[in-house]
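Reader: I'm new to this. Can you show me how to read the inside of a protein, and then how two helices pack?

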Amino acid sequence: MGADSRHAGILDTLRRRGGYAGIEELAIGLSVTPQTIRRDLSELAGKGVLRRHHGGASLPSSIANTDYAVRHVENSAAKARIAEAAATLVPDGSSLFLTLGTTVEATAAALAATHRDLLVVTNSSAAARILGAAPGMKVHLLGGAWQARNGGLTGATAAEMAGRWRCDALLTGVGAIGADGWLLDYHEDEVAVARAMLAGAGRLLVVADATKFRRAAPCRVARPGRGAMVVTDAAAPAATGKALRAAGAEVLVV
């Protein structure tokens with residue numbers, strides 16, 4: 001089988017598997033060695049056709065978010081640094097909204113390790129489980145439509161329940177950050193909850209690795225304003241950084 005046929009086979013497998021496949025699965029399916037698949041993936045990633053991950057690859061998409069299991073390992077070191085830095089921005093004894101997302105979950109773990117007196121309102125069952133196991137935490141898990149893919153509770157019910165609270169800060173991840181500074185995400189039912197939380201939050205803290213500056217997503221969440229903080233692992237592109245600063249937001253690179 002030639003390289004062009006293998007490349008077509010790899011992309012076809014990724015589409016059939018919902019956007020992600022492992023190296024061993026691809027090698028078996030195409031009857032080649034894992035080393036050959038790794039070379040093919042590197043070549044396709046260099047062309048921007050797919051994204052490489054440890055142990056596999058995924059299709060880039062501006063509509064469908066990357067598989068949640070993949071995102072748990074994607075840029076994990078950067079997410080850990082971001083989480084540790086973001087946790088230092090949350091005073092013990094404060095109240096906090098938490099949205100869905102793997103970087104938010106990492107921040108929940110950092111908060112559980114360093115804080116002992118937080119009131120947390122979240123629609124993330126994973127974040128609730130992490131913080132609920134830490135001493136002294138008061139955790140309120142919102143109701144709503146259950147999402148098996150990420151353990152989230154979303155939709156009108158979750159948004160209405162979020163609207164009952166007023167917290168010192170909203171700590172949120174995003175699907176993408178546009179060149180105009182807007183926070184973007186993929187699913188309107190999740191975005192509705194994030195907007196309701198933001199309406200009741202005194203401050204906005206965004207945790208986002210630098211890949212989010214290069215992605216696109218269809219739903220507008222909010223544009224960070226004065227006092228907002230974006231915690232990331234690399235400088236934003238010039239246009240994005242300028243737009244964020246013009247709106248009064250600060251970018252913290254860790």
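Author: Sure! Start with the idea of a nonpolar core: a set of buried Ala, Val, Leu, Ile, Met, Phe, Trp, Tyr and Cys residues joined through side-chain atoms within 4.5 Å. Keep in mind that this is a predicted model.

Reader: Okay, so which residues touch the most other members of the largest nonpolar core?

Author: Those are F97, I177, L183, M197 and V206, in a core of 30 residues. Helix 8 (155–162), helix 9 (188–199), strand 12 (204–207) and strand 13 (219–222) each give two or more residues to this core. Helix 9 supplies the largest share, with five residues.

Reader: What does F97 touch, leaving out residues up to four places away in sequence?

Author: Quite a list: V121, A162, W165, R166, C167, A169, L170, L171, M197, G200 and A201. There's also a second, separate core of 25 residues, and V104, A134, A169 and V231 are among its members.

Reader: Now the helices. What describes two packed helices?

Author: The angle between their axes and the distance between the axes. Here, helix 5 (residues 76–88) packs with helix 6 (residues 102–114) at about 50 degrees, and their axes are 8 Å apart. Because of that angle, helix 5 is oblique to helix 6. Their crossing is right-handed.

Reader: Which residues meet there?

Author: From helix 5, K79, I82, A83, E84, A86 and A87; from helix 6, T102, T103, A106, T107, A110, L111 and T114. Sort the residues of this contact by type and you get seven nonpolar, four polar and two charged.

Definitions and conventions
Residues are numbered from 1 along each chain as its sequence is written. This is a predicted model: local features need pLDDT of at least 70, side-chain atom pairs count only at pLDDT 80 or more; totals for chains, interfaces and linings use all residues. Side-chain values use heavy atoms; hydrogens and water are left out. Buried means under 20% relative accessible area, exposed over 50%, partly exposed in between (1.4 Å probe, protein chains only). Helices (H or I, at least four residues) and strands (E, at least two) are DSSP runs, numbered from the N terminus. Contact means heavy atoms within 4.5 Å. Axes are lines fitted to C-alpha atoms, for helices over the stretch in contact, and angles run from 0 to 180 degrees between N-to-C directions. Angles under 35 degrees count as roughly parallel, over 145 as roughly antiparallel, 65 to 115 as roughly perpendicular and the rest as oblique. A crossing is left-handed if the near helix is turned anticlockwise from the far one by less than a right angle, and right-handed if clockwise. Ala, Val, Leu, Ile, Met, Phe, Trp, Tyr, Cys and Pro count as nonpolar, Asp, Glu, Lys and Arg as charged, and the others, Gly among them, as polar.
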